[in-house]
Each structure stands twice: as structure tokens, then as C-alpha cells.
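Work through the exercises below with the sequence and the model open, and try each task before reading its solution.

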Amino acid sequence: MSISISSISKIYGTQKALDGISLEIRPGGITGLLGPNGAGKSTLMKILSCFIPPTSGDATVCGYDVLEQSIEVRKKVGYLPENNPLYVDLYISEFLAFIARTHGLNGNINRRVDEMIGITGLRSERHKKIGALSKGYRQRVGLAQALIHDPEVLILDEPTSGLDPNQLQEIRALITQVGRTKTVMMSTHIMQEVEAICTRAVIIHKGRIVADDLTQNLQLMATAKAVVVVEFTTPVRGAMLAAIPGVLEVSAGAGDRTPGSSPSPEGSIQEQESRTWHLASGPATDIRPGVFQFAVDHKYTVVSLHREEQRLEEVFQVLTRS
């Protein structure tokens, strides 16, 4: 088990930042730690990286206790804090060599530094001081220092905060690459971030875990139904589609109804015709084979057929509203 957390609580004065959190994270994959600002995400990461102690509870990283064996934990963890503190007067190579020596790396440090510069895409900037780098390249330097000692666990606190779209895509790709061989935990309050790169999502609200599952499973919680969007080359009556096994609701695509076929009140769906339809079914039912068979049987040509994407943001809003 890479990370094991049992009933961890953290109290600052009268405020309880974490309230009895328990969590197990196995090696491999990327776990997204979600929650609104002040939910306790950064506090949990600081405990796991041995920056602060818990008030109560136990936590181990790669089998080492964060309180009793903090030095061993630090050897196993690469940590990128939210504010990404860097020595801005140092050149990239100087800074990474300093971090490598801090970790007690043996052998050819310059070779390891050069390797990390290549992995994180810093070669074109390596002649610059860190203070002259853009936010995106500073994030790359932060990732390089977190990876320099080849840790088994990587903990990233808001790693893409403040990046432009191009930088965002590059950092996401880098984290995804790292996640293939290491256990990665990253905090964010951006749902698209989790949907893009995380295999598992843990939602924290007011210091407690309110959801923990595979990302795609949490997305299904956003609605009690699955929606398929189908487009035909010619208009099709809604009543015909409603007869497909598994279809619970049908609705015509906006602006795509046949002229003279206005939106109908409930009970008169059979009067509607449209080239594009939204077909709802139960969340565990795949009606796409039935739609294809319908098209074959009635000699309709299908232009496109896809499931409507469910947004993790809807689940997040429901679980963290109060």
C-alpha cells in the first residue's frame, strides 16, 4: 500500500481542518483530491509529506509512519506545494543539483539533473535563472525537484494553478506520464482537471470524505440516467425512437425539428419529427446497439451516435453545497 490513512484529524485552535479521514491508495495511477477552498486538501498533503503532524490518527507512506519514521517517508515522497517555493537567483541546473545533494543522491548528480531537465521539458530554458522563467516553466522546475530523487509517491498541490491553456496541456501530459510508474496524488478544485488525467477521485468537504470512487463511476452519479445523442440524415418521428427497448425519454435536438413540427406537449411526442434526438435510458443501460438496429430495420442513415458526457462538476456541486 503506497498510502494508508486511518482516522486522521487536524485541529488548528478551534477549527477542525480534517475530521477523522481514512483512505487507502495503492501503487500506480493518479488520485485526484477534490474539494472547495478550505476543505482540508492541503492540510492532508502536508501531513503525508511530513510538513505538519496530525492532531490524531495514523498515516503511513510506503509502510513508513509519518510521525515515527518521517525521514524514511521523505525519501519516498516527492512533494510540490501549492506556492512552489524556488530559489529564483539560481540557474535551473544549480537548483536541481542542490536539491539532489539535499536528498543525499550518490553517483553522477549532473547526469541525474540532465535527465530531469529532459523529462520535464526544460532544455530550452536551462540557461536561464529561475526568476526569469514563466509560470509554466517554474511549475516544470517544481516537478523536476519533486522527481529528482526518483520517489515512489508524488504529491502535487494545485500543480496547474494559474497556467495558460498551452502550459496546462503540457503539465497534464507530464503528470500523466509520471503516473504510469508512480503513485500520484494531486489536489485541485478544477473538475476538468480530474476528468482529464485522474483515474480516481476523492472529494473532501469540511474536513471529511464525502465521495471516493473511480472517476467514471462518480460521473455517473451526476444523473439518474444516461443520454445518447443520435443524428439521422432525414427527420425521424419521436414515437418510433421511444419504442426502442430501454429508451425512457426522447427529446428533439434544439433548432433541428422539421418546419411546422413545433415542440409538443407531453403525450403528443409522436407528432414531433427531427433529425437529431436525445434518448435517455437507465444509467447502466447501453441503448446504442438498439438504435443502430432501429436504423437498419427502418432504412435510416445514422450520421453520428454518441453518449452525452456527464460532468463531474455536477456531483461536486451536490456534495459540497452545504
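P165 is exposed, with a relative accessible area of 66%, where exposed means over 50%, buried under 20% and partly exposed in between, for a 1.4 Å probe and protein chains only. The model is predicted, so that local features need pLDDT of at least 70 and side-chain atom pairs count only at pLDDT 80 or more, while totals for chains, interfaces and linings use all residues. Residues are numbered from 1 along each chain as its sequence is written, and side-chain values use heavy atoms, with hydrogens and water left out.

**Exercise 1. Place P165 in the fold, and relate P165 to S93.**

Begin with the element: P165 lies in helix α6, helices being DSSP runs of H or I with at least four residues and strands runs of E with at least two, numbered from the N terminus. Then take the separation from S93, which is 72 residues in sequence and, C-alpha to C-alpha, 27 Å in space.

**Exercise 2. Compare the expected span of α5 with its end C-alpha atoms, and describe its burial.**

The expected span is 1.5 Å times one less than the number of residues. For the 13 residues of α5 this should give 18 Å, and the end C-alpha atoms are 18 Å apart, which agrees. Next, ten of the 13 residues are buried, so that α5 is mostly covered; among them are G136, Q139, R140 and Q145. The cover includes β6, α3, α4, β7 (153-157) and α6 (165-179), where contact means heavy atoms within 4.5 Å.

**Exercise 3. Characterise the largest pocket and its lining.**

Its volume is about 690 Å³, the space filled by probe spheres set on grid points that are joined across faces, edges and corners. A pocket is an open set of points on a 1 Å grid over the protein atoms alone, where a 1.4 Å probe fits, with protein on both sides within 12 Å along at least five of seven lines, and lining residues have an atom within 4 Å of a point. Of the 26 lining residues, F51, Y79, I99, H103 and Q145 are the closest to the centre. By class, the lining has twelve nonpolar, nine polar and five charged residues.

**Exercise 4. Why is C62 in no bond with C50?**

The sulfur of C62 is 11 Å from that of C50, the closest cysteine sulfur, which is too far for a bond, since a disulfide needs two cysteine sulfur atoms within 2.5 Å. Both count as buried, C50 at 10% relative accessibility and C62 at 19%.

Note on methods
Nonpolar A, V, L, I, M, F, W, Y, C, P; charged D, E, K, R; others polar.
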